[in-house]
Amino acid sequence: MLKIENLRKAFGEKAAVDGVSLSIAPGEICGFIGRNGAGKTTTIKCVCGIISADGGEIFVDGRNTRTDPLGVKRVVAYIPDNPDIYEFLTGIQYLNFVADIFGVSGETRRERIERYAGAFELTRDLAQSVSGYSHGMKQKLALISALIHNPKLMLLDEPFVGLDPNAARELRRIMRERCDAGGAIFFSTHALEVAERLCDKIAIIKEGKLLAFGPTEAVKGNSSLESAFFELTDVTDAGGEK
Amino acid sequence: MILTLLRLQLRWLFSSMLKSGGRKRGMRIFIIAALIYAAFALGGSFWGIFASMLRPYFDGGVGWLYFAMAGIMTFSLCFTGTVFAAGSALFGARDNDTLLSLPIPTAYILLSRAGALLVLECAYSALIFIPALLIWAASPFAGAPGAVFLVLCWLLTLLFALAFSCLVGWITAMAGGWTRHGKLIRLAVSLLLFGSFMYGGMYMSQAIQSLTENGAEIAASVSVYLLPFYHMGRAAAEGDPLSFAIYALIVCACFGGAIWLISRGYLKLITSDRRTVRTEYAAERHVRAGGAPKALFMKELRRCWYNPMVMLNTAFPSFLAAAGAVFVVVRRGDALRILSEITGLSSSVSAAAIIAAALIMLSAMNLMTASLVSLEGRQLWIVKSLPVGGSACLMAKIHAQLAVSAAPFALASAAASAALSLPASGAALVIAAPLAFNILAAFVGLRINLRFPMLDWTNEIQPVKQSISTVLTMIALSSIVVAAVAIYLPLSGGVSAETYLWICSAVFAAASLLFWRRVRARGAEDFAKVGDGVG
């Protein structure tokens, strides 16, 4: 579903992503972990076409992001770490806007809005202005808008931040449900326990370089994901200092 | 602490203006040169006014009126320049939560935001005060005590205007909290102010002529009805410390009173819940399917309508055109009289040509697309992550400007044609020429905003009023009009004004076609570059 080959992106002199390669098959959830500023968000933004890569190739469902960016965006849903949503719209106007862009029919969008807004307990606030939404409500609205067109690949940047426990549980359930139906999810997180329980694959990034990538069991070995993460990142720290 | 906060505000203001042009040194120099050019162009017109006023006033024994007029003009320009931004800047900034979470007294936050407006006023007022000061300093009427008081009075006048701007911003923000129709009230107050400015603008040329001819009568009125400026004028002209003290006292009382009044409920106002109207969601009523182009177009319109200040600033000429249409219909006699006075000056120019030219000049103030890319701001990720081409996003912005401007301008054209009984060819010109320029203005504004986007704003007024994109678009559009006039002057003997305007319309249309082809061919590439360097 997603294949990244030798991705590179720099901002000025600083290499934000430096030769990242990974792949995710349909039905897989891949957790992307790393410290702040490691390159997680930049990688995700490159995949969904918000920023252009300096080098490397990205394929989503067989489509190249460089040659067919719109084709890629049609099968992808993206949610940023801080979902700033149009404050001049109401929740339902925003969902209609996204559904119009994806060409979702009236009947289908009504059914999906009902299902996902119900799951995230946002139905009664849909007619209110987004300017009055809390961070968590905006996050829920962004999630519903991401699900409204039934994407094949979901790119989620720290999706659990700001969600209440019920919504976080619903999100985990929906993520698994979508992957069981043949979709794929690539998400960044700092919640290592969640990643360990939920993910089929784990990618660990530091200073733009991928330190580890593979099935969760293989990456964490006999220890916990948290121990593996600290071990990997601390070892490279020590190596760097030497 | 206030200075730290003020520095933060100013650093943001200036860095965002310069950053929008990229890191290239040449582009920064170009931006600064453009700003200097704009300052000289505007300052030059004030230079002419003061040069014509100085000698009649001083020779007539009312030299203080020269400075009083400088004070009144400064007050008006500063008030006009900041009143629309004050509400958003003081009460609607996006970093309110961040600052409130720090151990900073709320009054300091208020003062720092007011201080940033004061710096803007400084820039506006320099256009008036520097010409006034230089012309007076070069005259035999200048004196050292007056110069000192003049500079002090200038600073006080800025505070005076700021007090009123802040008060109007506060009243409109309060109105938003009192009633469920807050947005409508804000729009009504804005339109009221806007109407006053328009009325003043209509009689500006008469007023300037009157200023030089009727110094004694004006002096008598100012000394009675505009007492603060009377004392300001006396302080500067005669170096009168008592008048200065009275002026300073009045200004400090107004400014102190305004800040005291606003700071009392400041915290409550900026943290109040804006969800005043609760609408029940009903799927059958709210879920509506439509196409992508319509969705993008409606998004742009809703963005402008959401903030009345943005709507007023972006659709300024459209309001003027609509008001002009009403004026021509209701006051047909006055319209005919004004027109006959103008045509009387130059019998070779027809009424249709004059109206078409006037509407083109009005269109040159149409700056809506100059901020529509910037207004995407932190929400740029939405359109960039959706399967919609950059050219479609950009064309939606063009269509939004045309939707807002085309109808009022068409109305104004039709009203003028009907009221003045223009022949068919004249009516066609009055409709076609402004329309062609409006389309060109939309493309020029968009092109400049793509090159100079301001995405890190903290309230919507900043990209609309304080961005380099808006200034450059204003300069570009007015330069096109000036160039068109300059080219016509040597040709006026052989080519009629109507024929020339048809040629101009064709040129505008051809240029728009080239811009349109650029958007179609490279719109995706141009749009992709916006915000691409931000990680």
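Two residues count as in contact here if their C-beta atoms, placed from the backbone, lie within 7 Å. The model is predicted, so to speak of local features takes pLDDT of at least 70 and side-chain atom pairs count only at pLDDT 80 or more, while totals for chains, interfaces and linings use all residues. Residues are numbered from 1 along each chain as its sequence is written, and chains are lettered from A, ligands numbered from 1, in the order in which they are written.

**Exercise 1.** Work out which residues and elements of chain B touch chain A.

Step 1: count both sides. On chain B there are 33 residues in contact with 39 residues of chain A.

Step 2: find the elements (helices, H or I, of at least four residues, and strands, E, of at least two, are DSSP runs numbered from the N terminus). Those giving two or more residues to this side of chain B are α13 (283–286), α14 (292–306) and α20 (380–385). The largest share, six residues, belongs to α14(B).

Step 3: sort by type. Chain B's side splits into 12 nonpolar, nine polar and 12 charged residues. Nonpolar covers Ala, Val, Leu, Ile, Met, Phe, Trp, Tyr, Cys and Pro; charged covers Asp, Glu, Lys and Arg; the others, Gly among them, are polar.

**Exercise 2.** Describe how the two domains of chain A meet.

Step 1: take the bounds, which come from an automatic or database domain assignment. Domain 1 of chain A is 2–75 + 152–241, and domain 2 is 82–150.

Step 2: look at the junction. Nine residues of domain 1 of chain A are in contact with nine of domain 2. On the domain 1 side, helix α6 (residues 165–180) of chain A gives the most, with five residues.

**Exercise 3.** Trace the six-stranded sheet of chain A and place α6(A) on it.

Step 1: write the order. This open sheet runs β6-β7-β8-β3-β9-β10 with mixed pairing (two strands pair if DSSP finds at least two bridges between them).

Step 2: check the edges. β6 (76–79) and β10 (209–215) of chain A each have a single partner strand, so one side of each lacks a neighbour in the sheet.

Step 3: zoom in on one pair. Strands β3 (residues 29–33) and β9 (residues 201–206) of chain A run parallel and are joined by four bridges; C30(A) stands opposite K201(A) in β9(A).

Step 4: add the helix. α6(A) packs on the sheet, touching β3, β7 (153–157) and β8 (184–188) of chain A, and its direction makes about 145 degrees with that of β8(A). Axes here are lines fitted to C-alpha atoms, for helices over the stretch in contact, with angles from 0 to 180 degrees between N-to-C directions.
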